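Colleague: I am new to reading models like this one. Please pick out the enclosed spaces for me, then walk me slowly through what surrounds them.

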Amino acid sequence: MDRQKLNNFFDYSLEPRRAILFEDVKSNYASIECVQRNLNPLTTSLCVMSRADNSKGLTLASSPTFKKVFGMKNVSRASDLPFLIETRKFNYPQWYRTHTDIHGQRTEPTLQYVAFIESWAKRTWIVPPQMQLYVDYKIEVTDILTNYTSIDEIHSYSIDESFLDITESLNFFYPGIINRYEQMNRIALDLQREILDKLGLYVTVGMGDNPLLAKLAMDNYAKHNDNMRALIRYEDVPSRLWTLPKMTDFWGIGKRTEKRLNKLGIASIKELANADPLLLKQKLGTIGLQHFFHANGIDESNVREKYTPKSTSFSNSQILPRDYHKQREIELVIKEMAENLAIRLRKGGKLTSNLSLYAGAASTSEYSSVKVSRNIEATQNTKELQDLAISLFREKYQGGAIRQIGISGNQLSDSSIKQLSLFESVEENQSNEKQESLQKAIDEIRETFDFLSIQKASSLSEGSRVIYRNKLIGGHAASQNKSSGNKSNIKSQNS
């Protein structure tokens, strides 16, 4: 078989063959917390758990040992753990939920298993998130990556993952090695060692002829190798891509897409790679064609070309720390969220022509949730959005406790193109211009100093969420007080 032409559709000799690395910090948040405590990230049982007032113990990350011992994934609740975090005793209610048959007959855990879980539970660290610390580490990791290629050749895929194009660095670092893949492997090893030596973090590296192959190498092979490195070349597509045991192991294919492909008679990546591309496009649209190319290892994206998503809406939502029964408290949060939306619109240079509001009823409420949307004259004005949001809420709200609030600005347009209203008087137009100038001035002050440098008196009212939420990063605590944090960690370990 021609190694450059694996099927009837592609000649791989015509495809761009770059030297791409995809690095992933192993169990990032949990590893950083281990390093901060002089613990080994690979052998320590630790999980990062958000115990904020609205999280009910959400596990954000966990160490490899924690996952292996307790059989847990990153995103789970405290109630799903096989032990009770308060006492470190075996969680019998959780066990019975999954070990009771349809007749109500329970299977009891063995004494050995209970002892095993409780033994590890006592040695397990449960720590709160420190988002600012993780951001700082990301900056340090990126700084190390620039030792191997230019910053323009690095694309941060997430807080713990990055693509690197090291094509031009191969001969610079290892001019005496002829094989380009051996050069790639050496550079990947150097990168792993430097991050481990300087930051104490273990890094998994996928290598490939293009970004897709590097990502798939990391996801499916490097994570399971002792050296935490793996390579996929164009020549390896049949042996390493087409043989993946599950279609959902492939990047970009979730359970929903898998079901749609199954209906077309496609049950494997190999079958997808050899399917009729015209049929895929007809049934699935452009995305179907993209899956076809990817299944054949084709990806012509360039790490240098940064993807900028085209925003069609700005939205945010929050789960309240308790049931809000008082209408004035509910409306206060709605106003705060409308202001946040207006700020984002001004920062993004956008106007919204549609406002949507959601107020989710509490589980104890006998009333239904509020869901309403309204087309409006394009705006980014704080007061206009606040007034409209409150008006929409009052139209639909029948009473009862509220536990979740969401607001969205849709049908966005460029703020540089603003249509003048024929029904607006000169005085109203001048008033709006003054408001806009004031709002932009406030935005600039907050941008320069801090969002909380200018506050409204209402932010001190009971029920307000603006101060609390502006101290978060990614919805979680930015950092912990060192003294109280240490006490909390010791208590978590020894409870």
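**Cavities and their surroundings**

Modeller: Happy to! Let's begin with the second largest cavity, whose lining is made up of Tyr367, Ser368, Val370, Lys396, Tyr397, Gln398, Gly399 and Ile402. By class, that lining comprises 4 nonpolar, 3 polar and 1 charged residues, and the cavity holds about 30 Å³ of space. Keep in mind that this is a predicted model. The chain's mean pLDDT is 84, with 79% of residues at 70 or more. One stretch needs care: across residues 482-495 pLDDT remains under 50, and the model gives this stretch 15 contacts beyond four places in sequence. Where pLDDT is low, predicted coordinates should not be read in detail.

How do we find such spaces at all? A probe the size of a water molecule is rolled over the atoms, and this shows where empty space is left. Here the count is 2 cavities of 30 Å³ or more.

Now move to the largest cavity, with about 40 Å³ of space. Around it you will find Val25, Asn28, Ile32, Tyr134, Tyr137, Lys138, Val141, Ile159, Asp160, Glu161 and Leu201. Sorted by class, these are 7 nonpolar, 1 polar and 3 charged residues. Two elements each give two or more residues to this lining: helix H1 (28-36) and helix H5 (131-145). H5 supplies the largest share, with 4 residues.

Following H5 outwards takes us to a sheet. H5 lies across strands E1, E6 and E7 (161-165), and its direction makes about 150° with E6. These three strands belong to an open sheet of 5 strands, ordered E6-E7-E1-E8-E9, with mixed pairing. Strand E6 (154-158) and strand E9 (229-232) are at the edges with a single partner strand each, so one side of each has no neighbour in the sheet. On average, neighbouring strands here are turned by 20° against each other, ignoring direction.

As background, strands of a sheet pair through backbone hydrogen bonds, and they can do so in a parallel or an antiparallel way. For an example, look at strand E1 (residues 20-25) and strand E8 (residues 203-208), an antiparallel pair with 6 bridges. Within this pair, Glu23 has Val205 of E8 as its bridge partner. Helix H7 (residues 180-199) also packs on this sheet, touching E1, E7, E8 and E9, with its direction at about 165° to that of E8.

Following H1 instead leads to another sheet. H1 lies across E2, E3 and E5, running at about 110° to E2. These strands are part of an open sheet of 4 strands in the order E4-E3-E2-E5, again with mixed pairing. At its edges stand strand E4 (76-77) and strand E5 (125-127), each with a single partner strand, so each has one side without a neighbour in the sheet. Strand E2 (residues 46-50) and strand E3 (residues 58-62) run antiparallel and are joined by 4 bridges. You can locate the pair by finding Met49, whose bridge partner in E3 is Thr59.

To retrace the path: start at the largest cavity, where H1 and H5 both contribute to the lining. From there, go along H5 to E1, E6 and E7, or along H1 to E2, E3 and E5.

Terms used
Residues are numbered from 1 along each chain as its sequence is written. This is a predicted model: local features need pLDDT of at least 70, side-chain atom pairs count only at pLDDT 80 or more; totals for chains, interfaces and linings use all residues. Side-chain values use heavy atoms; hydrogens and water are left out. pLDDT is the predictor's confidence in each residue, from 0 to 100. Contact means heavy atoms within 4.5 Å. On a 1 Å grid over the protein atoms alone, a cavity is a set of points where a 1.4 Å probe fits but cannot get out, and a pocket is an open set with protein on both sides within 12 Å along at least five of seven lines; lining residues have an atom within 4 Å of a point. Grid points are joined across faces, edges and corners, and a volume is the space filled by probe spheres set on the points. Ala, Val, Leu, Ile, Met, Phe, Trp, Tyr, Cys and Pro count as nonpolar, Asp, Glu, Lys and Arg as charged, and the others, Gly among them, as polar. Two strands pair if DSSP finds at least two bridges between them. Axes are lines fitted to C-alpha atoms, for helices over the stretch in contact, and angles run from 0 to 180 degrees between N-to-C directions.
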